[in-house]
Structure formats: structure tokens, C-alpha cells
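Reader: Hello! I am new to this structure and would love a close look at one part of it. Could you pick a single residue and walk me outward from there?

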Amino acid sequence: KTMLYVTGVVMQFTTQGADEVTIKGRGKFITRSVDVAEVVTKRFLDGQVKVKDVKLDSEGFKNKEGKDIRVSTVEIKLEKK
């Protein structure tokens with residue numbers, strides 16, 4: 001699955017002409033967001049794209065049982081060099 005996200009980000013920069021792409025993750029998927037950003041910047045687009053900004057936060061919602069839950073979130077902004 002991670003490689004599908006990597007491919008999507010690389011396509012945004014290469015074929016869609018994006019100057020900036022934001023990768024978001026929350027909860028247990030934060031690690032996947034970090035992996036995607038690392039693979040894009042260090043393997044596929046090494047020297048062409050860098051991490052511009054990282055934001056950490058949390059958000060609340062109600063689970064299926066109606067209980068209030070807080071979950072951590074990350075937002076990683078990549079930009080063309």
C-alpha cells in the first residue's frame with residue numbers, strides 16, 4: 001500500500017506539475033505518512049523535492065459506541081526545490 005501512495009505523490013510532482021504536495025495521516029497510519037515522505041524525498045525524487053513543513057496535532061470524534069476519542073494527526077508538506 002505504501003508504494004501506491006508514493007506513486008501518487010511522485011505523479012503529482014512529475015506529471016501534474018505540482019509545486020507542493022501534502023501528505024496526511026492519523027493514528028496508526030502516521031508511520032505510513034512518514035514512510036511515504038521519506039521514500040519520495042530520498043529515493044524517487046532525491047535532490048528535487050524536500051520537506052517544507054510538518055504539523056502535529058490531534059482531533060476528536062465519537063467512536064461507534066458514542067465515546068469521545070482523540071487521535072494524533074500529522075501533515076507533511078513536500079515542495080519542489
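Author: Happy to! Let's begin with Phe13, keeping in mind that this is a predicted model. Leaving aside its neighbours within four places in sequence, Phe13 is in contact with Ala18, Asp19, Glu20, Val21, Leu45, Val49, Leu78, Glu79 and Lys80.

Phe13 also belongs to the largest nonpolar core, a set of 16 residues. Along with Val9, Ile23, Val40 and Leu78, Phe13 is among those with the most contacts inside that core. The elements that each give two or more residues to the core are α1 (2-14), β1 (20-26), α2 and β3. As a general point, nonpolar side chains in soluble globular proteins tend to be buried together.

Two of the residues that Phe13 touches, Glu20 and Val21, lead us into β1. Side chains alternate along this strand: Val21, Ile23 and Gly25 are buried and point to one face, while Glu20, Thr22, Lys24 and Arg26 point to the other face and are not buried. β1 runs antiparallel to β3, and seven bridges join the two strands. Within this pairing, Thr22 has Lys77 of β3 as its bridge partner.

From β3 we can step on to β2. Strand β2 (residues 49-62) and strand β3 (residues 68-80) are antiparallel too, with 13 bridges joining them. Leu56 stands opposite Val74 in β3. The two strands form a hairpin with five residues between them, and in the turn Gly66 has a positive phi of about 85 degrees.

Now for a residue that shares some contacts with Phe13. Thr41 sits in helix α2 (residues 30-44). Leaving aside neighbours within four places in sequence, Thr41 is in contact with Asp46, Gly47, Val49, Lys50, Val51 and Leu78; Val49 and Leu78 are also in contact with Phe13. Thr41 counts as buried because its relative accessible area is 8%, and the cut-off for buried is under 20%. The side chain of Thr41 also reaches the backbone oxygen of Ala37, at 2.9 Å.

Finally, have a look at the largest pocket, which holds about 170 Å³ of space. The elements that give two or more residues to its lining are α1, β1 and α2. The lining consists of Tyr5, Val9, Ile23, Lys24, Gly25, Phe29, Arg32, Ser33 and Val36. You have met some of these already: Val9 and Ile23 are among the residues with the most contacts inside the largest nonpolar core, and Lys24 and Gly25 point to opposite faces of β1.

Technical notes:
Residues numbered from 1 in each chain as written. Predicted model: local features only at pLDDT ≥ 70, side-chain atom pairs only at ≥ 80, totals over all residues. Heavy atoms only, no water. Pairing = 2+ DSSP bridges. Helix = DSSP H or I, 4+ residues; strand = E, 2+ residues; numbered from the N terminus. Buried < 20%, exposed > 50% of the residue type's maximum accessible area, 1.4 Å probe, protein only. Polar contact = N/O pair within 3.5 Å; in protein donor to acceptor, adjacent residues only side chain to side chain. Contact = heavy atoms within 4.5 Å. Core = buried A, V, L, I, M, F, W, Y, C linked by side-chain atoms within 4.5 Å. 1 Å grid on protein atoms, 1.4 Å probe; cavity = no way out; pocket = protein on both sides within 12 Å on 5 of 7 lines; lining within 4 Å. Points joined across faces, edges and corners; volume = space filled by probe spheres on them.
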